[in-house]
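Work through the following exercises with the structure open beside you, and try each task before reading its solution.

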Amino acid sequence: MYKAGGIIGLIAGIFGFFAAIFTLFAGGLGAAFGAKGADSVVGLGWGGIFFSFLTIIFAAVVFSKPKGAGIGLIICAVLGAILGGTAVAICMVLDAIGGLLAVLDS
């Protein structure tokens, strides 16, 4: 089951990366038009990129160390949902499922 958790985590990381790019685009567009709070949206986009890359790394490590990397996936899911914006948070739900599969199987 940890293999399924690693694959799900990898898919979640890739989707989270694209969601973070979308968040960066939206924040940049808002900043270009002078919207209030656009800088915080850009910050959320960078947070989403960071935690999406961490998710991809932990998902790759799940195949050699399922329990530790599964815990890392769960932590990335929580922090990515908080610091990544709404679009990234949706993808991090899938990340949490992959992390739980990796932890519960090992």
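Leu10 is found in helix H1, in a model that is predicted.

**Exercise 1.** Decide whether Leu10 is buried, partly exposed or exposed.

*Solution.* Begin with the cut-offs, by which buried means under 20% relative accessible area and exposed means over 50%, with partly exposed in between. The relative accessibility of Leu10 is 35%, so Leu10 counts as partly exposed.

**Exercise 2.** Find which helix gives the most to the nonpolar patch.

*Solution.* First list the patch, which lies on the surface and consists of Ile7, Leu10, Ile11, Ile14, Phe15, Phe18, Phe63, Val93, Leu94 and Ile97, with about 890 Å² of accessible area together. Next, note that helix H1 (2-32) and helix H4 (86-105) each supply at least two residues. Of the helices, H1 gives the most, with six residues.

**Exercise 3.** Compare the span of helix H2 (residues 38-61) with the span expected at 1.5 Å a residue.

*Solution.* The expected span is 1.5 Å times one less than the number of residues, so the 24 residues of H2 should span 34 Å. The end C-alpha atoms of H2 are 35 Å apart, which agrees.

**Exercise 4.** Describe the surroundings of Thr55, which has its place in helix H2.

*Solution.* Thr55 has a relative accessible area of 0% and is therefore buried. Other buried residues of H2 include Gly48, Ile49 and Phe51, and what covers the buried residues of H2 includes H1, helix H3 (66-83) and H4. Leaving aside neighbours within four places in sequence, Thr55 is in contact with Gly9, Gly13, Leu73, Cys76, Met92 and Asp95. Finally, a polar atom of the Thr55 side chain lies 2.8 Å from the backbone oxygen of Phe51.

Conventions. Residues are numbered from 1 along each chain as its sequence is written. This is a predicted model: local features need pLDDT of at least 70, side-chain atom pairs count only at pLDDT 80 or more; totals for chains, interfaces and linings use all residues. Side-chain values use heavy atoms; hydrogens and water are left out. Patches are made of residues with over 30% relative accessible area and no salt bridge: like charges are joined within 9 Å, nonpolar side chains (Val, Leu, Ile, Met, Phe, Trp, Tyr) within 5 Å. Accessible areas come from the Shrake-Rupley method with a 1.4 Å probe; for residues, only the protein chains shown count as cover. A salt bridge is a side-chain nitrogen of Lys or Arg within 4 Å of a carboxyl oxygen of Asp or Glu. Helices (H or I, at least four residues) and strands (E, at least two) are DSSP runs, numbered from the N terminus. Buried means under 20% relative accessible area, exposed over 50%, partly exposed in between (1.4 Å probe, protein chains only). Contact means heavy atoms within 4.5 Å. A polar contact is a pair of N or O atoms within 3.5 Å; within protein, one must be able to donate a hydrogen and the other to accept it, and residues adjacent in sequence count only if both atoms are side-chain atoms.
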